[in-house]
Amino acid sequence: MSPGRVTAVLLLLCLLTPVSPLGINATHIVVGNTGALSGPARIRWFPQVEGMRLAFREANAAGGILARNLSLISLDDGYEPARSIENFNTLNEVHRVILMVGVYGSPAVKALKPYITEHGMPYIA
């Protein structure tokens with residue numbers, strides 16, 4: 001998904017959620033993902049995460065979205081679906097992210113689908 005689309009989705013979430021216990025408040029929007037930050041698959045996912053971090057830094061330097069800074073929390077699942085589920089639970093329950101973005105790998109996406117659906121978590125591939 002293009003950075004413009006991600007920004008549009010985040011903007012919509014900001015407008016629909018002015019005050020929330022989720023990862024959005026008057027100053028921040030917290031987004032999460034899980035993927036291979038270690039192991040052989042790292043070489044494919046790490047550049048994607050760094051690209052998201054760069055886009056978030058650029059958006060924040062330009063004033064954020066509705067004056068809210070974007071934060072990305074990336075957790076390492078080593079390309080193991082069971083760890084993807086653990087990471088989702090941590091991102092959802094501890095970090096209270098407002099959406100999942102850029103989860104790496106079909107096995108992780110397939111494993112997470114029921115959890116994302118059950119919790120009503122917005123997800124951008």
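A crossover is called right-handed if, with the strands pointing away from the viewer, the path from the first strand over the helix to the second runs clockwise. Such a right-handed β-α-β unit is made here by β1, helix α2 (residues 42–61) and β2. Helices (H or I, at least four residues) and strands (E, at least two) are DSSP runs, numbered from the N terminus. The model is predicted, so local features need pLDDT of at least 70 and side-chain atom pairs count only at pLDDT 80 or more, while totals for chains, interfaces and linings use all residues. Residues are numbered from 1 along each chain as its sequence is written, and side-chain values use heavy atoms, leaving out hydrogens and water.

The sheet is a good place to begin. Its 4 strands form an open sheet in the order β2-β1-β3-β4, with parallel pairing; two strands pair if DSSP finds at least two bridges between them. The edge strands, β2 and β4 (123–124), each pair on one side only. Strand β1 (residues 28–35) runs parallel to β2 over 8 bridges, with Leu70 of β2 as the bridge partner of Ile29. Strand β3 (residues 99–101) is joined to β1 by 2 bridges, and Leu99 in β3 is the bridge partner of Val31.

Asp77 follows in the loop between β2 (69–76) and α3 (81–93). Its side chain makes a polar contact of 3.0 Å with that of Thr34 and reaches the backbone nitrogen of Tyr79 at 2.7 Å. A polar contact is a pair of N or O atoms within 3.5 Å; within protein, one must be able to donate a hydrogen and the other to accept it, and residues adjacent in sequence count only if both atoms are side-chain atoms.
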